[in-house]
Amino acid sequence: MKPLSELSLDSARALRVVLTDIDDTVTTEGMLTASAYGALEQLHRAGFIVIPVTGRPAGWCDHIARMWPVDAVVGENGAFFFRYDRERKKMQQRFWASPEELKRNRLKLDAIEAEVLGTVAGTALASDQAYRMADLAIDFCEDVPALPEAEVDRIVSIFERAGAQAKVSSIHVNGWFGDYNKLSMAKTLLADVFGIGWDEARASVIYAGDSPNDEPMFAAFPMSVGVANIRAFAHRLTHKPAYITNGHSGDGFAELADLLLRARHR
Ligand SMILES: [Mg+2]
């Protein structure tokens, strides 16, 4: 991971799409700061395609797609994208699974939920679970005291034994049934809505994240950035981001936005 200051304005000039994780990448200590939100807004105004790619639930993503200065949002680790067409006043929603599959998967996730809560002490259902449509989120750090890493691994293995995928974010273990992740849905969104094929995406997209559930994105995009707090997770990452910011969380994201805006205005 090279310091972001080593990314030259010339190489940054080809970038026109900003994909970003939200928790602990745009937000700081669980809050959306004015400077991080302002960074999103400035990028959007400058004509960048701005797309949060998050593990957060459908309920939040409806709000984000509608009200934040963004072009679309990928939620629940790739279970769907939402895009609000402001001119036509239409919310476009695309899910990876059919409504029938979502119902069947929920029954299997309910069984996993019972096993995790019954066997791993100190965990809780994530408080945003009620607004999720495709996944199960187990809290290990948001509203409960942080669990040791071995316990986090136990949660992951319960998901995996049941045949589910599981990813660790900075606050939750998210698990789901279905062959998708943040990357596969981001690719679908870029191609279907923005007409950006994979070769073009690799040249024009920069991805910002902070934790292991961002790894498929770090691996796929040559231009990727970790905010400084990713250092705490570096030992869990096979694919690290190309660059790392000086600032933590939202300050790191603002640092990235500043560099992109300078490259564009030069
Ligand atoms: Mg995060």
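Me: Happy to be looking at this predicted model! A residue is called exposed if 12 or fewer other C-beta atoms lie within 10 Å of its own, and buried if 20 or more do. Is Lys89 buried or exposed?

Reply: Let's find Lys89 before we count: its place is in the loop between strand S5 (80-85) and strand S6 (90-95). Lys89 has 8 other C-beta atoms within 10 Å, so the residue is exposed.

Me: Where is Ser249, and is this residue buried or exposed?

Reply: Ser249 sits in helix H9. Like Lys89, with its positive phi near 50 degrees, Ser249 has a positive phi, of about 45 degrees, without being a glycine. Most residues other than glycine have a negative phi. Ser249 has 24 C-beta neighbours inside 10 Å, so it counts as buried.

Me: How far apart are the end C-alpha atoms of helix H2?

Reply: Helix H2 runs over residues 34-45, which makes 12 residues. At 1.5 Å a residue the expected span is 16 Å, and the distance between the end C-alpha atoms agrees, at 16 Å.

Me: Which residues of H2 are exposed on the face turned away from its buried side?

Reply: Start with the buried residues of H2, which are Ala36, Ala39, Leu40 and Leu43. They cover an arc of only 95 degrees around the axis, so they lie on the same side of H2. Their cover includes strand S2 (17-20), strand S3 (49-52) and helix H9 (249-265). The face turned away from that buried side carries the exposed residues Ala34 and Arg45.

Me: Which residue just after H2 takes a positive phi?

Reply: Here the phi is about 100 degrees, and the residue just after H2 that takes this positive value is Gly47.

Conventions: Residues are numbered from 1 along each chain as its sequence is written. This is a predicted model: local features need pLDDT of at least 70, side-chain atom pairs count only at pLDDT 80 or more; totals for chains, interfaces and linings use all residues. Helices (H or I, at least four residues) and strands (E, at least two) are DSSP runs, numbered from the N terminus. The expected span of a helix is 1.5 Å times one less than its number of residues. The arc is that of the directions from the helix axis to the C-beta atoms. Two residues are in contact if their C-beta atoms, placed from the backbone, lie within 7 Å.
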